[in-house]
Structure formats: C-alpha cells, structure tokens
Amino acid sequence: MDLDLSSGGCIHAAAIRPDVRPNSDGCEECRARGDRWVHLRLCMSCGNVGCCEDSKNRHASAHARSADHPIVRSFEPGEDWMWCYPDQTWVDPPLV
C-alpha cells in the first residue's frame with residue numbers, strides 16, 4: 001500500500017471538511033457531567049468539540065473512535081495544528 005506523506009504521514013486527509021463549524025464553545029459532555037477540561041479539540045469531520053487527552057474524560061479521542069472521524073484541530077486560541085488519531089501523527093501543514 002502506498003502512503004500519502006504530503007500530510008505528515010496521515011492517510012486520512014480526505015476526512016477534513018474545510019467548512020466545518022464548531023458545535024459548541026466547550027466540551028458539552030464534560031459540562032453535562034459537571035467536569036472540567038484542560039484543552040479543547042475540534043473534529044474536522046463534523047465540528048464536535050471535545051476535551052483533550054490531558055483531560056479527565058478524553059472526549060475528543062472517544063468521539064474520533066466512535067464516529068470514525070480521524071482528524072482534530074486544536075480549538076485553543078492561537079493554535080492551528082491538526083492531529084490524526086489513527087495515524088498518530090501531525091497533519092502538517094494544516095490543510096484548512
């Protein structure tokens with residue numbers, strides 16, 4: 001199988017929707033539980049906002065696995081990096 005290395009080794013770049021919009025300004029699953037998050041991630045397939053791996057609940061990666069949505073972007077001010085969960089790599093340069 002040939003890998004497309006143009007996105008930092010990520011073969012899931014087709015899952016990125018350039019027009020994706022966030023569904024919230026925070027992790028709604030954490031809010032519903034009364035929990036706090038450390039940082040937020042934006043799903044580049046559907047716009048779901050979830051908490052990061054350093055957060056107690058790790059909702060962003062749980063969403064990526066359950067919805068088969070591989071790529072997230074940092075939802076933190078001043079950050080524009082993207083990460084592919086299945087490939088465990090940066091999507092570089094950011095495509096959107």
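Which way do L40, L42, R41 and C43 point from β1, and are they buried or exposed? Hi everyone, let's start right there. L40 and L42 point one way and R41 and C43 the other way, and all are buried, where buried means under 20% relative accessible area, exposed over 50% and partly exposed in between, with a 1.4 Å probe and protein chains only. In a regular strand the side chains alternate between the two faces of the sheet.

A quick word on the source: this is a predicted model, where local features need pLDDT of at least 70, side-chain atom pairs count only at pLDDT 80 or more, and totals for chains, interfaces and linings use all residues. Residues are numbered from 1 along each chain as its sequence is written, and side-chain values use heavy atoms, leaving out hydrogens and water.

Now the neighbours of β1. Helices (H or I, at least four residues) and strands (E, at least two) are DSSP runs, numbered from the N terminus, and two strands pair if DSSP finds at least two bridges between them. β1 pairs with β2 in the antiparallel sense over three bridges, and three bridges also join β1 to β3, residues 71-74, again antiparallel. L42 has V49 as its bridge partner in β2 and R73 in β3. In the hairpin of β1 and β2, with five residues between the strands, G47 takes a positive phi near 90°.

Finally, the cysteines. With a disulfide being a pair of cysteine sulfur atoms within 2.5 Å, the count comes to zero. For C30, the nearest cysteine sulfur, that of C51, is 3.7 Å away. C30 counts as buried, because its relative accessibility is 0%.
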